[in-house]
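Visitor: Mind walking me through this one? I'd like to go strand by strand, then get to the side chains.

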Amino acid sequence: MFEAIYYEVASIDGDYANLRRVDAAEEDLKLVARALLPAEIMEGTKLKYEMMQYEVVA
């Protein structure tokens with residue numbers, strides 16, 4: 001079973017967003033197409049990645 005991974009939106013660049021892993025900040029940023037992310041994201045938004053889907057978390 002996959003565990004959830006938590007990210008924070010570090011920056012948004014056009015059709016892509018750079019995500020920073022919350023639990024492993026030393027890792028490189030992950031570039032993700034905005035089409036795969038919730039429409040309401042902005043820099044600083046917290047996301048949960050689970051079962052191949054991203055969702056906004058408080």
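Visitor: How many bridges join strand 1 to strand 2, and in which sense do the two run?

Guide: Keep in mind that this is a predicted model. Strand 1 covers 5-13 and strand 2 covers 16-21. They run antiparallel, and the count of bridges joining them is six.

Visitor: Which residue in the hairpin of strand 1 and strand 2 takes a positive phi?

Guide: That hairpin has two residues between the strands. One residue there has phi near 65 degrees, and it's glycine 14.

Visitor: Which residue of strand 2 stands opposite tyrosine 7?

Guide: Tyrosine 7 belongs to strand 1, and strand 1 is joined to strand 2 by bridges. Over in strand 2, the residue facing tyrosine 7 is arginine 21.

Visitor: What is the bridge partner of tyrosine 16 in strand 3?

Guide: Strand 3 takes in residues 30-33 and pairs with strand 2 in the antiparallel sense. Four bridges hold that pairing. For tyrosine 16, the partner in strand 3 is alanine 33.

Visitor: On to the interior. Which residues make up the largest nonpolar core?

Guide: In soluble globular proteins, nonpolar side chains tend to be buried together. Here, strand 1 and strand 2 each supply at least two residues of the largest core. Its nine members are Tyr7, Val9, Ala17, Leu19, Val32, Leu37, Ile41, Leu47 and Tyr54.

Visitor: Is alanine 17 buried or exposed, and at what relative accessibility?

Guide: Alanine 17 sits in strand 2 and is one of the core residues. Beyond its sequence neighbours up to four places away, it touches Val9, Ser11, Ile12, Lys30, Leu31, Val32, Arg34, Leu37 and Ile41. The cut-off for buried is under 20%, so alanine 17 counts as buried, with a relative accessibility of 0%.

Visitor: How far apart in space are alanine 17 and leucine 36, C-alpha to C-alpha?

Guide: In sequence, 19 residues separate alanine 17 from leucine 36. In space, C-alpha to C-alpha, the separation is 9.9 Å.

Visitor: Which residues does leucine 19 touch, not counting those up to four places away in sequence?

Guide: Leucine 19 is another member of the nonpolar core. With residues up to four places away set aside, its contacts are Tyr7, Glu8, Val9, Ala10, Leu29, Lys30, Val32, Leu37, Leu47 and Tyr54.

Visitor: What about a polar residue: is asparagine 18 buried or exposed?

Guide: Asparagine 18 lies in strand 2. Leaving out neighbours within four places, it is in contact with Glu8, Val9, Ala10, Ser11, Leu29, Lys30 and Leu31. Its relative accessibility is 17%, and since the cut-off is under 20%, asparagine 18 counts as buried.

Visitor: With which side chain does the side chain of lysine 48 make a polar contact?

Guide: Lysine 48 is in strand 4, residues 46-50, and counts as buried because its relative accessibility is 17%. Beyond four places in sequence, its contacts include Ala4, Tyr6, Gln53 and Tyr54. The polar contact spans 3.3 Å, and the partner is glutamate 50.

Visitor: Now the rings. How many aromatic pairs are there in the whole structure, and which residues form the cluster?

Guide: A search of the whole structure finds two pairs. Tyrosine 7 and tyrosine 54 are a tilted pair, 6.3 Å centre to centre with 55 degrees between the planes. It links distant parts of the chain, with tyrosine 7 in strand 1 and tyrosine 54 in strand 5, 47 residues apart. Tyrosine 49 and tyrosine 54 are tilted too, because their planes are at 40 degrees with centres 4.5 Å apart, so the count is two and the cluster is Tyr7, Tyr49 and Tyr54.

Visitor: Which residue's charged end sits over the ring of tyrosine 49?

Guide: Tyrosine 49 is partly exposed, at 22% relative accessible area. A charged end sits 4.9 Å from its ring centre, and that end belongs to lysine 30.

Visitor: Last one: what is the phi of methionine 51, and what is that of methionine 52?

Guide: Methionine 51 lies in the loop between strand 4 and strand 5, and so does methionine 52. Methionine 51 is exposed at 68% relative accessible area, and methionine 52 is exposed at 73%. Neither is a glycine, yet phi is positive in both: near 50 degrees for methionine 51 and about 65 degrees for methionine 52.

Key:
Residues numbered from 1 in each chain as written. Predicted model: local features only at pLDDT ≥ 70, side-chain atom pairs only at ≥ 80, totals over all residues. Heavy atoms only, no water. Core = buried A, V, L, I, M, F, W, Y, C linked by side-chain atoms within 4.5 Å. Buried < 20%, exposed > 50% of the residue type's maximum accessible area, 1.4 Å probe, protein only. Contact = heavy atoms within 4.5 Å. Polar contact = N/O pair within 3.5 Å; in protein donor to acceptor, adjacent residues only side chain to side chain. Phe/Tyr/Trp six-rings, centres within 6.5 Å; stacked < 30°, edge-to-face > 60°. Lys NZ or Arg CZ within 6 Å of the ring centre and 35° of its normal. Pairing = 2+ DSSP bridges.
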